[in-house]
Amino acid sequence: MEAVITVIALLFLLFVVLGAYATVKVIGAAKRGVDRTISQARRTVEDTTLRAKTITQPGPAGEIAQLRLTLRTSMRATQDALHSGVVEDESLKESLGLFERLSVHGRELDDELRRLESEPDKRTLSSRLPELRERTERITQSADSLRWAARDRARRFAADDLDSLSEQIDVEAGALRHWTTEPGPTASWPEAPVPDMATSSGQTWPEPPQSRPADEPPPSAITPPVQRPTYPWQKKPRPESTT
């Protein structure tokens with residue numbers, strides 16, 4: 001009895017632990033989903049604000065906003081391309097590592113540009129713009145190079161796979177069209193059995209008429225009348241009257 005109680009207690013404890021683990025996993029997944037949604041919403045708001053500043057704030061402030069928008073757009077597109085490509089192509093892990101190193105410089109530049117947005121000294125901003133423009137261009141060019149290289153690699157793999165598939169389909173299509181033209185066996189009617197005249201009791205067909213000699217007259221279809229002999233007691237035929 002004590003063993004049964006112990007087993008039941010262990011099962012109950014196991015169910016409690018599994019339930020707690022499942023609850024933690026669900027809460028963690030929900031929290032990550034919420035964080036992801038919040039991050040996406042924050043990025044959308046920031047990008048919209050930067051686009052508005054590039055239009056409403058001419059001069060150095062508007063150009064700084066344009067540099068931030070260009071930097072963020074390029075880095076985000078490269079990150080998405082590499083993370084989606086490394087799932088199918090593990091050789092992109094090295095490229096992803098290089099991008100992480102490049103992201104450090106990109107985040108530093110983005111933070112610096114954010115601080116300069118509220119700089120009231122326009123002369124200082126104007127003097128810093130050439131250097132900031134050059135750094136932004138170098139980082140975005142490197143990010144774009146990684147992104148387009150990854151896309152070209154994926155497109156090349158897809159083209160090679162399509163070429164191989166097309167060759168296999170051509171071979172299979174040729175095999176399907178290669179049929180033999182040798183004539184097959186023709187069907188023949190079986191020979192009729194020779195009837196046994198001694199034992200056959202069924203209907204027999206008459207033999208065809210044999211050919212006659214050329215000097216033999218053909219038989220007449222109607223027998224000619226035979227002249228009957230006359231007897232004395234028979235009356236002579238009476239001539240018909242002419243009146």
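Me: Leaving aside neighbours within four places in sequence, which residues is Ile139 in contact with?
Reply: In this predicted model, Ile139 is in contact with Leu71, Met75, Leu102, His105, Gly106 and Leu109. Contact here means heavy atoms within 4.5 Å.

Me: What makes the set around Ile139 a nonpolar core?
Reply: A core needs buried nonpolar residues joined through side-chain atoms within 4.5 Å. The largest such set has 20 residues, and Ile139 is among those with the most contacts inside it, along with Ile64, Met75, Leu109, Leu113 and Leu132. Two or more residues each come from α2, α3 and α4, and α4 gives the largest share, seven residues.

Me: How do you know the span of α3 is close to the expected one?
Reply: The expected span is 1.5 Å times one less than the number of residues. α3 has 25 residues, so 36 Å is expected, and 35 Å is what you get from first C-alpha to last.

Me: Why is Glu117 called buried?
Reply: Buried means under 20% relative accessible area, and Glu117 of α3 is listed as buried, so its value falls under that cut-off. Beyond four places in sequence, Glu117 touches Leu50, Lys53, Ile64, Ala65 and Arg68.

Me: What makes the pair of Glu117 and Arg68 a polar contact?
Reply: The side chains come to 3.1 Å; the limit is 3.5 Å, so the pair counts.

Me: Why does Arg151 count as lying over the face of Trp148?
Reply: Arg151 is at 5.1 Å from the ring centre, and the limit is 6 Å, so the distance test is met. As for aromatic pairs, a search of the whole structure finds zero.

Notes
Residues are numbered from 1 along each chain as its sequence is written. This is a predicted model: local features need pLDDT of at least 70, side-chain atom pairs count only at pLDDT 80 or more; totals for chains, interfaces and linings use all residues. Side-chain values use heavy atoms; hydrogens and water are left out. Buried means under 20% relative accessible area, exposed over 50%, partly exposed in between (1.4 Å probe, protein chains only). Helices (H or I, at least four residues) and strands (E, at least two) are DSSP runs, numbered from the N terminus. A polar contact is a pair of N or O atoms within 3.5 Å; within protein, one must be able to donate a hydrogen and the other to accept it, and residues adjacent in sequence count only if both atoms are side-chain atoms. Rings of Phe, Tyr and Trp (its six-membered ring) pair if their centres lie within 6.5 Å; planes under 30 degrees apart count as stacked, over 60 as edge-to-face and the rest as tilted. A charge sits over a ring if NZ of Lys or CZ of Arg is within 6 Å of the ring centre and within 35 degrees of the ring normal.
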